[in-house]
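Here are my notes after going through the model you sent. I've kept them as numbered points so you can reply to each in turn.

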Amino acid sequence: MTDLKIGQEFMKFTQYEFLEGSDQFLGLPQPPLEVPCPEGSILIKLPEPGELAIPTLELGEAIARRSSRRSYSDEEVSQGELSWLLWCTQGVREIFAEATIRNVPSAGARHPLETYLSIHNVSGIEKGLYRYIATRHSLLEITKDPAFDFKLAKACLGQKFVLSSAVTFIWTVDMYRSTWRYGQRGYRYIFLDAGHACQNLYLSAESVNCGVCAIAAFHDRSLTELLQLDGFERFPIYLACVGKRGEK
Ligand SMILES: Cc1cc2nc3c(=O)[nH]c(=O)nc-3n(C[C@H](O)[C@H](O)[C@H](O)COP(=O)(O)O)c2cc1C
């Protein structure tokens, strides 16, 4: 037992026999379904998913075409296309008092992910960092720092294609949404949830001629600070660059 490495310890102590009763089990109130917006926030409403003219693409074809793409053209991604990609990855279909039902699965419908967007080349939206407010299908501006994409590329260990993406999705976790129900086992589920979101991004991007590349190689502390998160209850776990396909 003393020889367990950190990953082995994690797998061991998140087994059911080692778990204590979760806060939900103890009767504590559940956290909000999404990180609340600061009072008085002005949101950018995205085009309604039902009104988008997205070309139809057969699912088998989208799966067969999917590939990680790290080279993007200078063409803008439209707001409608961004709306589609967000809808496919975290879009909310139904809101109940205790849960949301979305276009991706999530353990216990906890949906502990938040989506930040580093926007670089999207029609009608200024460069900067935004957060997707899934329950309102809107964007909340976080910062218009013109150097944000440089800082982001640096936090992604200098991976250069981050600089040429039209928009980079950054999935963060609001941990208590999961641990409230699952205790420490919730840490297993957040990565699975992020995988579902990213796969939907890869597939939905195929129908709007966008390329995607997932990123898990990043400097945790730098990225956490860049997103103004605490790193314990809220922290980044996964990213993906998106841009129109083609060489620059
Ligand atoms: C969890 C995960 C993390 C990844 N992280 C990176 C990354 O940091 N940088 C990168 O260039 N590609 C990254 N990728 C993309 C993989 O390199 C890519 O999926 C793999 O080479 C297979 O190629 P394909 O996606 O085109 O089939 C990641 C993929 C996954 C699933």
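1. Start with Ser118 in strand S4: its bridge partner in S7 is Thr168. Keep in mind that this is a predicted model. The pairing belongs to a longer run, since S4 and strand S7 (residues 167-174) are joined by 7 bridges and run antiparallel.

2. Now look at the other neighbour of S4. Strand S5 (residues 128-133) is also antiparallel to S4, with 5 bridges joining the two. Here Ser118 stands opposite Leu129, and Ile119 stands opposite Gly128. So Ser118 has a partner on each side: Thr168 in S7 and Leu129 in S5.

3. How covered is S4 itself? Of the 7 residues in this strand (113-119), 7 are buried. Both faces are involved: Leu113, Thr115, Leu117 and Ile119 point one way, Glu114, Tyr116 and Ser118 point the other way, and all are buried. I'd draw your eye to Glu114, a charged residue that is on the buried list with the rest.

4. Moving outward along the pairing, S5 goes on to strand S6 (residues 138-143), again antiparallel, over 5 bridges. One of the pairs is Ile133 with Ser138 in S6. The two strands make a hairpin with 4 residues between them. His137 sits in that turn and has a positive phi of about 45 degrees, which you may want to look at on screen.

5. S5 is largely enclosed by the rest of the structure, because 5 of its 6 residues are buried.

6. On to the helices, and H3 (residues 79-90) in particular. Its 12 residues should span 16 Å at 1.5 Å a residue, and the end C-alpha atoms are 16 Å apart, so the two agree. H3 is mostly covered, with 10 of its 12 residues buried. Both tryptophans in the buried set, Trp84 and Trp87, are there along with Glu81 and Gln90, among others.

7. What surrounds the ligand? The shell contains Ser67, Ser68, Arg70, Gln159 and the run Cys213, Ala214, Ile215, Ala216 and Ala217. By type, that divides into 5 nonpolar, 3 polar and 1 charged.

8. Asp23 is worth a stop too. You'll find it in the loop between helix H1 (6-13) and strand S1 (43-45). It has 16 C-beta neighbours inside 10 Å, so it counts as partly exposed. Leaving out residues up to four places away in sequence, Asp23 touches Leu28 and Trp180. As for Ile142, which is 119 residues away along the chain, its C-alpha atom is 31 Å from that of Asp23.

9. Finally, the overall picture. The protein chain has 7 helices and 9 strands. Its radius of gyration is 18 Å, close to the 18 Å that the globule rule gives for 248 residues, so the chain is as compact as a globular protein of that length. The C-alpha atoms fill a box of roughly 55 × 40 × 40 Å along the principal axes.

10. Two more chain-wide values to go with that. Of the 248 residues, 37% count as buried. Among contacts between residues at least 6 apart in sequence, 76% join residues at least 24 apart.

Key. Residues are numbered from 1 along each chain as its sequence is written. This is a predicted model: local features need pLDDT of at least 70, side-chain atom pairs count only at pLDDT 80 or more; totals for chains, interfaces and linings use all residues. A residue is near a molecule or strand if its C-beta atom, placed from the backbone, lies within 6 Å of it. A residue is buried if 20 or more other C-beta atoms lie within 10 Å of its own, exposed if 12 or fewer, and partly exposed in between; C-beta atoms are placed from the backbone. Two strands pair if DSSP finds at least two bridges between them. The radius of gyration is taken over C-alpha atoms; the globule rule is 2.2 Å times the number of residues to the power 0.38. Two residues are in contact if their C-beta atoms, placed from the backbone, lie within 7 Å. The expected span of a helix is 1.5 Å times one less than its number of residues.
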